Amino acid sequence: MAKKAETAKSTGVMRKVDQLGRVVIPKELRTMLDIEDNKDLLEIYVDGDKIILKKFTTGCSFCGKEGVLSKFKDKFICSECIKEIKDTVMF
Ligand SMILES: [Zn+2]
């Protein structure tokens with residue numbers, strides 16, 4: 001995404017890491033970010049001394065866009081890329 005770098009906001013929430021390394025993500029945050037319990041995957045990133053959790057979503061294989069995607073031969077593709085391919089491919 002070509003957006004300006006977003007600055008991280010503190011939620012003011014602190015959680016202890018348990019003996020197995022688990023941290024509970026507050027319910028309000030899961031709701032806010034549309035993270036479904038027992039279903040969604042979180043991708044773990046490291047940025048210096050920060051751990052970033054991002055909801056894992058499969059984007060279009062060509063442009064990376066998320067949203068409504070079609071599946072073609074194990075790849076996800078958005079409608080705009082389908083249209084572009086149709087317009088580009090010559091027979
Ligand atoms: Zn696309």
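Two residues are in contact here if their C-beta atoms, placed from the backbone, lie within 7 Å. By that rule, among contacts in the protein between residues at least 6 apart in sequence, 0% join residues at least 24 apart. Keep this in mind while you look around; the model is a predicted one.

**Whole chain**

Start with everything shown as a cartoon. The protein holds 2 helices and 4 strands, and from the N terminus on the order is α-β-β-β-β-α. The radius of gyration is 18 Å, well over the 12 Å that the globule rule gives for 91 residues, so the protein is more spread out than a compact globule. Turn the C-alpha trace along its principal axes and the spans come to about 60 × 30 × 20 Å. Burial is scarce: 3% of the 91 residues count as buried.

**The two domains**

Next, colour residues 14-56 as domain 1 and residues 58-91 as domain 2. Taken over C-alpha atoms, the centres of domain 1 and domain 2 are 30 Å apart.

**The loop between H1 and S1**

Select helix H1 (27-32) and strand S1 (42-47), then the loop between them, where Asp 34 is found. What is the sign of phi at Asp 34? Phi of Asp 34 is positive, about 55°, although the residue is not a glycine. Most residues other than glycine have a negative phi. Asp 34 counts as exposed because it has 8 C-beta neighbours inside 10 Å, and the cut-off for exposed is 12 or fewer.

Stay in the loop between H1 and S1 and pick Asn 38. Asn 38 is not a glycine either, and its phi is positive, near 60°. Is Asn 38 buried or exposed? With 4 C-beta neighbours inside 10 Å, Asn 38 counts as exposed.

**The S1-S2 hairpin**

Now show S1 together with strand S2 (residues 50-55); the two run antiparallel and are joined by 6 bridges. Which residue of S2 is the bridge partner of Ile 44? The partner of Ile 44 is Leu 53. For another pair, select Leu 42, which stands opposite Lys 55 in S2.

Follow the chain from S1 into S2. The two strands form a hairpin with 2 residues between them. Click on Gly 48 in the turn: its phi is positive, about 60°.

Switch on the surroundings of both strands. How many of the 6 residues of S1 are buried? The number is 0, so S1 lies largely in the open. S2 is hardly covered, with a count of 0 buried residues among its 6.

**The loop between S3 and S4**

Move on to strand S3 (69-72) and strand S4 (75-78), and select Asp 74 in the loop between them. Asp 74 has 6 C-beta neighbours inside 10 Å and therefore counts as exposed.

Finish with a distance. Draw a line from the C-alpha of Asp 74 to the C-alpha of Leu 42, the residue that stands opposite Lys 55 in S2. How far apart in space are Asp 74 and Leu 42? The two C-alpha atoms are 21 Å apart, and the residues are 32 apart in sequence.

Technical notes
Residues numbered from 1 in each chain as written. Predicted model: local features only at pLDDT ≥ 70, side-chain atom pairs only at ≥ 80, totals over all residues. Rg over C-alpha atoms; globule rule 2.2 N^0.38 Å. Buried ≥ 20, exposed ≤ 12 C-beta atoms within 10 Å, placed from the backbone. Domains from an automatic or database assignment. Pairing = 2+ DSSP bridges.
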